[in-house]
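Good morning, everyone, and thank you for making time for this. Before I begin, please have the sequence and the picture open in front of you, and stop me whenever a term is unclear.

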Amino acid sequence: TLLMSKNKVTVDTGSRFWYPHYNNGLQGYVWNSAENTLETYQRIFAPEEQGRDGGFYDSNSDSYSAAFGIKGVFGESDWNYEAYYSRSGFKVTSDQWWPLVDAMDQFFRDQFMGPQLGTYYGYPVYEPNKPALYQAITPEQFRSFSDVIHNVSRTWTQNFNAQVVNPNLFQLPAGPVGVAAVVQVGNQFWDNPVDPRVSGDAFFGINGTSGQGKRENQAVGVEFAVPIFEKLSANLSTRYDRYKNVGGGSDAKATYKIGLEYRPIDTLLVRGSYGTAFRAPDLHYVFAGPGNDETSAEDLYSCRLEGASDCSDYERNLIRSRTGNRQLDPETSTSWSAGFVWSPAIGL
């Protein structure tokens, strides 16, 4: 089997904006020397100022899924076999225009702020030309202080699987016992490079995390179908998985599932199951490189230190740092189900 697809998406990502001294934590506050006031400015760009390039995110994705193998019967026995190789992959190429901090700062200093005249209690001093702040700019001017963020990310997973099935392993008084067994060996790869200027402070109000990693995995499993009595049967299965992150970090888990089916009369089936499972951490959480994102939180310490009764006025913008962790544990779970199937008549 082979499945391939191509997809193109264009998204209007909305308006960009600017405020002075983005990287110094002053949130756009400056001292207006002409009016002797502390002021803050923000300039939001209209769609027609950004132009088509400045407001859109273009993404092209290519994916594929393929599997090929053989299946058959061992001689004249009840043993059926199946062996196959499978691989799937995904690639995303994206482009978007985004303002650069230094270039945009310089543009608005030339057009609006003027030269810095010093500092006042830590705040930069300017004599801004306020009417000029809201003069419309052209898409060409917007592109003059912007650049393209180009990204190519890819991931793939591949496995070799071999399984055997025998519906008549041996006989019990209530019927034959069936068995199925599987062996799996494979690996997966993730690569998400990010423009270094995005991970740093070069672009205004955007950041990202790059990373690359590979994981190897092996598994064995077996399942039995057991007729306990004429009207009661069981399904018992277990599986052992092991995975190893290339470069550090590994884990192994055994899981199981028990299911029962009871048919007191021909038209009624009662069934239930209980099982365990686990899920290895996403490769992004394991191999992501250092990166920052922006968030906000209340500064409870300052709020209580100053005796305020309402801490909502102490909301602060934060730069939060993070990185991947190759020692992450897998998620584990248990689940159960119960139900019945009633078929009182043909077609109902």
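I will begin with the whole chain, then turn to a helix, a disulfide and a single alanine.

Please keep in mind throughout that this is a predicted model. In its secondary structure the protein comes to seven helices and 18 strands. If you look at the overall outline, the C-alpha atoms fill a box of roughly 100 × 50 × 50 Å along the principal axes. The radius of gyration is 31 Å, whereas a compact globule of 348 residues would have one near 20 Å. Of the 348 residues, 31% are buried, and the accessible surface comes to about 20,900 Å², with 55% of that surface belonging to carbon and sulfur atoms. When we take the contacts with a separation of 6 or more, 70% of them are between residues 24 or more positions apart.

Now let us move to helix α2, which covers residues 101-113. This helix has 13 residues, and a straight helix would reach 18 Å at 1.5 Å a residue, but the end C-alpha atoms of α2 are only 15 Å apart. Which residues of α2 are buried? They are V101, M104, D105, F107, F108, F112 and M113. These residues lie on the same side of α2, because they cover an arc of only 160° around the axis. It helps to recall that an α-helix has 3.6 residues a turn, so residues three or four places apart point the same way. On the face of α2 turned away from its buried side, we find the exposed residues D102 and D110. Just after the helix comes G114, and the phi of G114 is positive, near 80°.

The next stop is the disulfide, and the count for this model is one. C303 is joined to C311, with a distance of 2.0 Å from S to S, and both of these cysteines are buried. Is this disulfide left-handed or right-handed? The torsion about the S-S bond is about -85°, so the disulfide of C303 and C311 is left-handed.

Finally, I would like you to find A297, which sits in strand β16, residues 291-298. A297 has a relative accessibility of 32%, so it counts as partly exposed. Leaving aside residues up to four places away in sequence, A297 touches Y314, E315, R316 and L318. By contrast, Q218 is 79 residues from A297 in sequence, and the two are 43 Å apart in space, C-alpha to C-alpha.

How values were computed:
Residues numbered from 1 in each chain as written. Predicted model: local features only at pLDDT ≥ 70, side-chain atom pairs only at ≥ 80, totals over all residues. Heavy atoms only, no water. Disulfide = S-S within 2.5 Å. Buried < 20%, exposed > 50% of the residue type's maximum accessible area, 1.4 Å probe, protein only. Helix = DSSP H or I, 4+ residues; strand = E, 2+ residues; numbered from the N terminus. Expected span 1.5 Å × (residues − 1). Arc of directions from axis to C-beta. Rg over C-alpha atoms; globule rule 2.2 N^0.38 Å. Contact = heavy atoms within 4.5 Å. Areas by Shrake-Rupley, 256 points an atom, 1.4 Å probe, with all protein chains shown as cover.
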